[in-house]
Amino acid sequence: MTDENPTRKSANAATEESASASAETGESDQRPTRRSGTGRAVAIAVIVLLAVVAGVFGFRWWQAEQTDSLRTEAVDAAREYATTLGTYDYRSFDDSLAAVTAASTEEFSAKYSGVAGDLRGLVENGQGSSVATVSHAGLETLDGETATVLVFLDQDVKNVVVPEGRTDATRFLITLKRIDGRWMLDGADAK
């Protein structure tokens with residue numbers, strides 16, 4: 001029986017032609033089984049270089065994320081502390097004082113307690129109250145563990161002189177210090 005399958009014949013013919021072409025040109029179908037030492041060293045060096053570059057860029061990205069997080073936390077803390085500073089009521093003045101000192105560094109707490117002691121009589125005698133809101137806040141500086149934030153504070157103030165109330169606009173430069181992972185109030189200068 002003869003093999004009349006045309007597909008098999010053409011495959012055999014193609015193999016024979018390829019073999020004869022290789023023999024005529026002196027080419028061999030053998031491929032190198034091992035890379036040279038130089039090629040392997042270059043490949044390893046490229047892989048190491050890419051890993052180092054990826055590590056450096058990854059670290060820089062992480063640092064930028066940490067800095068952005070600190071900025072956001074500082075502005076949020078300054079908003080909260082400015083509101084605490086500007087909100088008081090003559091009927092609960094000690095509570096307002098305690099709220100400010102609880103959020104402050106030791107230095108600012110001592111300074112604020114002295115100033116607030118002088119204001120206590122004025123606020124109580126004038127039956128003063130204030131509700132503060134922050135309309136805008138922006139980071140001015142961030143330097144390691146210290147930040148300054150400019151805060152635009154509006155205070156709705158009432159007292160015996162202005163019983164119907166009025167709104168006072170105050171601008172504060174809030175200074176914060178990071179202590180044990182928390183932004184603490186370290187200064188509040190009216191501008």
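1. Gln127 counts as partly exposed, with a relative accessibility of 42%. This residue sits in the loop that runs between helix 4 and strand 2 (129-143). The structure under review is a predicted model, and the backbone at Gln127 deserves comment: its phi is positive, at about 50°, although the residue is not a glycine. Most residues other than glycine have a negative phi. Gln127 comes after helix 4 in the chain.

2. A second residue with this backbone feature is Asp180, which is not a glycine and has a positive phi near 55°. Asp180 belongs to the loop between strand 4 and strand 5. Is Asp180 buried or exposed? Its relative accessibility is 80%, and Asp180 is therefore classed as exposed, the cut-off being over 50%.

3. On the overall architecture, the chain contains 4 helices and 5 strands. Their order along the sequence is α-α-β-α-α-β-β-β-β. The chain has 191 residues, and 25% of them count as buried.

4. Helix 4 (106-125) merits a separate point. The helix comprises 20 residues, and the distance from its first C-alpha to its last is 29 Å, close to the expected 28 Å at 1.5 Å a residue. Helix 4 nevertheless has a kink of about 35°, and the centre of that kink is Leu119. Which residues of helix 4 are buried? They are Phe108, Ser109, Tyr112, Ala116 and Val123. As background to the spacing of such positions, an α-helix has 3.6 residues a turn, so residues three or four places apart point the same way.

5. The largest pocket has a volume of about 650 Å³. Its lining consists of 29 residues, and those that lie nearest the pocket centre are Leu85, Tyr88, Tyr112, Leu119 and Gln155. Two or more lining residues are given by each of helix 2 (37-86), helix 3 (93-102), helix 4 (106-125), strand 3 (146-158), strand 4 (166-179) and strand 5 (182-190). Which element supplies the largest share of the lining? Helix 4 does, with 8 residues. Leu119, at the centre of the kink in helix 4, is thus also among the residues nearest the centre of the pocket. Tyr112 is another residue in that group, and Tyr112 is buried in helix 4.

6. In composition, the lining of the largest pocket divides into 17 nonpolar, 7 polar and 5 charged residues. A reader preparing a chemical description of the site should note that tyrosine is counted with the nonpolar residues in this division. Gln155, one of the residues nearest the pocket centre, falls in the polar class.

7. Gln155 is placed in strand 3. Its relative accessible area is 13%, and Gln155 is buried because this value is under 20%. What does the side chain of Gln155 contact? It makes a polar contact of 3.4 Å with the side chain of Thr170. Thr170 is located in strand 4 and has a relative accessibility of 16%, so that residue also counts as buried. The contact thus joins a side chain of strand 3 to a side chain of strand 4, and both of these strands contribute to the lining of the largest pocket.

8. Strand 4 also holds Asp168. With a relative accessible area of 23%, Asp168 is partly exposed. The C-alpha atoms of Asp168 and Leu153 are separated by 8.3 Å, while the two residues are 15 residues apart along the chain.

9. Leu142 is a residue of strand 2 and counts as partly exposed, at 27% relative accessibility. Leu142 and Leu176 are 34 residues apart along the chain, and 9.4 Å separates their C-alpha atoms.

10. A final point concerns helix 2, in which Asp68 is found. Asp68 has a relative accessibility of 38% and counts as partly exposed. Its side chain is joined to that of Arg71 by a polar contact of 3.1 Å.

Key. Residues are numbered from 1 along each chain as its sequence is written. This is a predicted model: local features need pLDDT of at least 70, side-chain atom pairs count only at pLDDT 80 or more; totals for chains, interfaces and linings use all residues. Side-chain values use heavy atoms; hydrogens and water are left out. On a 1 Å grid over the protein atoms alone, a cavity is a set of points where a 1.4 Å probe fits but cannot get out, and a pocket is an open set with protein on both sides within 12 Å along at least five of seven lines; lining residues have an atom within 4 Å of a point. Grid points are joined across faces, edges and corners, and a volume is the space filled by probe spheres set on the points. The expected span of a helix is 1.5 Å times one less than its number of residues. The bend at a residue is the angle between axes fitted to the seven residues ending there and the seven starting there. Buried means under 20% relative accessible area, exposed over 50%, partly exposed in between (1.4 Å probe, protein chains only). A polar contact is a pair of N or O atoms within 3.5 Å; within protein, one must be able to donate a hydrogen and the other to accept it, and residues adjacent in sequence count only if both atoms are side-chain atoms.
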